[in-house]
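Please load the model in a viewer and keep the selection panel at hand. The tour proceeds by selections, each followed by a description of what is found there.

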Amino acid sequence: GMVRVPTHLVSTICDDRGEEPTYNGVSMSELIEGDYGIGDVISLLWFKRKLPKYATKFMEMCIMMCADHGPCVSGAHNSIVTARAGKDIVSCLVSGLLTIGPRFGGAIDDAARLFKAACDKGQEPAAFVEELKKKGVRVSGIGHRIKSKDNRDKRVELMQNYAKENFPSTRYLSYAVAVEEYTLQKSSNLVLNVDGCIGALFLDLLSSSGCFTEKEATQIVEIGYLNALFVVARSIGLVGHALDQKRLAQPLYRHPWEDVLYME
Ligand code: ACO
Ligand code: LMR
C-alpha cells in the first residue's frame, strides 16, 4: 500500500493550497462577503471555531481599548526611543512589545489562572489575597500606576458593563471585583486593572459560552492565549507612536541628566 512520508510540520488552523485561502475552513470569500470582523478572524485562527457575536465583539472591544494608553507607558516609551534612534518600524514595534510581561499588559493569563483556581475552590477573596501576600506574590490583574479608587479606569468600566449586558454569566468577574473590594481597603491604587478584567471576563466566556469544553478552557488559560490579545492590541499603538516620531522627525533621544540620581 501507499506509504505516507512523515511530514516535518503539522498545521491545523488554515490552508493556503486551494483556490482561495481558508481560516479554519472558512474561505476568504465567506469572510469578506459575510459579516465577519477581526474578532471572527481571531476566533478562527486562535480558537479554531466560530464564536458568537457577543464574544467576537468583546475581543474587538479589548483590542480597541488596549490599542494605546499614551506615550508614557513602558511599551510606547520604548517604541518612541527606538524610532528616535532612527530604527525601522519592525524594530520600533518589537522594542515596545518586549516590555509586555507580568507587570505591564502581560498579566492577563496569570490573573485568569489565579482567579480561576481561587474562585473554583470557593476561596474567600480576602483569604486569596492574604495567601498570595504570604507567598510574596502580587495579585496579577490588580494595581495601577495612575488609576485608583477615585480615578477609575474607564476601559474596565466599559468592559464590565458590556459583559453584564451580554455574557451568559459574569461569575469570575464578580470574584475579581470582590478581590478588588478587598485590595482597595489596603491601598486606593489596588484597582482591578484592564489585564485583570480581561482575564476574569475571558474565564466567563470560556466557561459560560457553551463553545468550549472544560478541558479546552483549561488549556487556553494554561497555554497563554490571553496575553496575546494585549500584544495584538498594543501593536497598533506602538506602530502609531513610531510613525508619529518619524513624521515629526524627532532627534535622537537622550535622557536628561537632571532626571537621573547619580550615586557613584
Ligand atoms: N498585589 C498585591 N499588592 C500589590 C499589588 C498587587 N498586584 N500591586 C501593588 N501592591 C502593593 C504592594 O504592597 C507594593 O509594595 P511592595 O513593593 O512592597 O510589594 C505596594 O502596593 C506598592 O507597589 P508599587 O510597585 O509602588 O505599585 P506600582 O504602582 O508601581 O505598581 C503595578 C503598579 C506594577 C501594576 C502593580 O500593581 C502590579 O505589579 N500589579 C500586578 C501586575 C499587573 O496586573 N499588571 C498589569 C497592569 S495593567 C496594564 O499594564 C495594561
Ligand atoms: C496601559 O494600558 O498601558 C496601562 O493600563 C498601563 C499604564 O500605566 O497606563
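Begin by selecting Arg103 together with ligand 1: in this predicted model, a polar backbone atom of Arg103 lies 2.9 Å from a nitrogen atom of the ligand. Next, add Gly105, where a polar backbone atom is 2.8 Å from an oxygen atom of ligand 1. Then select Ile142, which places a backbone N or O atom 2.8 Å from a nitrogen atom of ligand 1. With these contacts displayed, consider the surface of the ligand: taken alone, ligand 1 exposes 910 Å², and the protein buries 65% of that area.

Now expand the selection to the whole shell. Which residues come nearest to ligand 1? Of the 19 residues around it, they are Gly105, Val139, Gly141, Ile142 and Asn193. Colouring the shell by residue class shows eight nonpolar, seven polar and four charged residues around ligand 1. If pockets are displayed, ligand 1 is found in the largest pocket.

**Ligand 2**

Turn next to ligand 2, which also sits in the largest pocket. Select its surroundings: His69, Val73, Phe104, His144, Arg155 and Arg234. By class, this shell divides into two nonpolar, two polar and two charged residues.

Which side chains place an N or O atom close to an oxygen atom of ligand 2? Start with His69, whose side chain has an N or O atom 2.6 Å from an oxygen atom of the ligand. Proceed to Arg234, where the corresponding distance from a side-chain N or O atom to an oxygen atom of ligand 2 is 2.7 Å. Finish with Arg155, which has a polar side-chain atom 2.8 Å from an oxygen atom of ligand 2. The accessible area of ligand 2 on its own is 270 Å², of which the protein covers 85%.

**An open sheet**

Leave the ligands and select residues 14-15, 22-23 and 26-27, which are strands β1, β2 and β3. These three strands form an open sheet in the order β1-β2-β3, with antiparallel pairing. Strands β1 and β3 are the edges, each pairing on one side only. In general, strands of a sheet pair through backbone hydrogen bonds, either parallel or antiparallel.

For a closer view, keep β2 and β3 selected: two bridges join these antiparallel strands. Which residue of β3 stands opposite Thr22? Label Ser27 to see the partner of Thr22 across the strands.

Key:
Residues numbered from 1 in each chain as written. Chains lettered and ligands numbered in written order. Predicted model: local features only at pLDDT ≥ 70, side-chain atom pairs only at ≥ 80, totals over all residues. Heavy atoms only, no water. Near = heavy atom within 4 Å. Polar contact = N/O pair within 3.5 Å; in protein donor to acceptor, adjacent residues only side chain to side chain. Areas by Shrake-Rupley, 256 points an atom, 1.4 Å probe, with all protein chains shown as cover. 1 Å grid on protein atoms, 1.4 Å probe; cavity = no way out; pocket = protein on both sides within 12 Å on 5 of 7 lines; lining within 4 Å. Sits in = over half its atoms within 2 Å of the grid points. Nonpolar A, V, L, I, M, F, W, Y, C, P; charged D, E, K, R; others polar. Pairing = 2+ DSSP bridges. Helix = DSSP H or I, 4+ residues; strand = E, 2+ residues; numbered from the N terminus.
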